[in-house]
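Here is a quick walk through a fold, strand by strand. Have the viewer open while you read.

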Amino acid sequence: MPLQTVTDVQAEPEVVPLTATGRRARLAAVAVVLALLLAGSVWGDDSEFPFGPFRMYSTRADPDTPVVSTRVVGVTAAEEEVRLSGGEVGLRRAEFEGQLPRLVDDPSLLGLLADSYESRHPGGPELVRVEVVQRHIELADGEPTGAYRDDVLVSYELDAS
């Protein structure tokens, strides 16, 4: 195996120093980013992420505060619940929860979920109503007590077909 000679080794490129203007521009950019991070950390919220704290990771809940779980159900004429959340209608939970304000403002949008359910489950039970239900699960020292309360956040009566 032949050895390399000194002339075969590539020389490192020469380092080009920053100009004074380049240094000032970089320092100014760093100062702006640090100022935004500091302001976001003190006064910011999730909507300012990444300059504001992501509350999900930067705070903790009281271990005795109830946990809220939101679900969507279809209700049959016999008042039986049919699960419409969890992919049953082609919408993931996070996507659905992000649309809650729209659903509260316009409950007729729940009819679209019923239509989607019927197209995915043609032999399923006939729905007369769609509800968004929030379950408040009681905790004691961070553990479920078994007690809960269900609140219907929004309801929409479906037209009989």
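## The β1-β2 hairpin

Let's start with Val75, whose bridge partner in β2 is Glu81. That pair belongs to a set of 3 bridges joining β1 to β2, and the two strands run antiparallel. Together β1 and β2 make a hairpin, with 4 residues between them. Look at Glu79 in that turn: its phi is positive, at about 65 degrees. Bear in mind throughout that this is a predicted model.

## From β1 across to β3

β1 covers residues 67-76, and 10 bridges tie this strand to β3 in an antiparallel arrangement. If you want to check the register, there are several pairs to click on. Val67 stands opposite Ile137 of β3. Further along, Val72 faces Val132 in β3, and Val73 is set against Glu131 in β3.

Glu131 also turns up in the pairing on to β4, where it stands opposite Ser155. That makes Glu131 a handy residue for tracing a line across the strands, with Val73 as one partner and Ser155 as another.

## The β3-β4 hairpin

Strand β3 (residues 127-140) and strand β4 (residues 143-157) run antiparallel and are joined by 11 bridges. One of the pairs is Leu139 with Pro144 in β4. β3 and β4 form a hairpin too, this time with 2 residues between them. In the turn, Asp141 has a positive phi of about 55 degrees.

What lies over the face of Tyr148? It is Arg135, at 3.9 Å from the ring centre. As for ring-ring pairs, the count comes to 0 aromatic pairs when centres must lie within 6.5 Å.

## The sheet as a whole

Put the pairings together and you get an open sheet of 4 strands, in the order β2-β1-β3-β4, with antiparallel pairing. Which strands sit at the edges? They are β2 (81-83) and β4, each of which pairs on one side only. From one strand to the next, the twist averages 40 degrees. As a reminder, strands of a sheet pair through backbone hydrogen bonds, either parallel or antiparallel.

A helix goes with this sheet: α5, residues 109-120, lies across β1, β2, β3 and β4. Relative to β3, helix α5 runs at about 105 degrees.

## Two domains and an annotated span

Zooming out, the domain assignment splits the protein into domain 1 (19-55) and domain 2 (65-155). How many Å separate their centres, taken over C-alpha atoms? The value for domain 1 and domain 2 is 40 Å.

Now for the record: UniProt, in an unreviewed entry, lists residues 27-44 as a "transmembrane region". In the model, that span is 94% helix and 0% strand. The end C-alpha atoms of residues 27-44 lie 24 Å apart.

Note on methods:
Residues are numbered from 1 along each chain as its sequence is written. This is a predicted model: local features need pLDDT of at least 70, side-chain atom pairs count only at pLDDT 80 or more; totals for chains, interfaces and linings use all residues. Side-chain values use heavy atoms; hydrogens and water are left out. UniProt positions are given in the numbering used here, feature names are shortened, and annotations may be inferred rather than shown by experiment. Two strands pair if DSSP finds at least two bridges between them. Rings of Phe, Tyr and Trp (its six-membered ring) pair if their centres lie within 6.5 Å; planes under 30 degrees apart count as stacked, over 60 as edge-to-face and the rest as tilted. A charge sits over a ring if NZ of Lys or CZ of Arg is within 6 Å of the ring centre and within 35 degrees of the ring normal. Domain bounds come from an automatic or database domain assignment. Axes are lines fitted to C-alpha atoms, for helices over the stretch in contact, and angles run from 0 to 180 degrees between N-to-C directions. Contact means heavy atoms within 4.5 Å.
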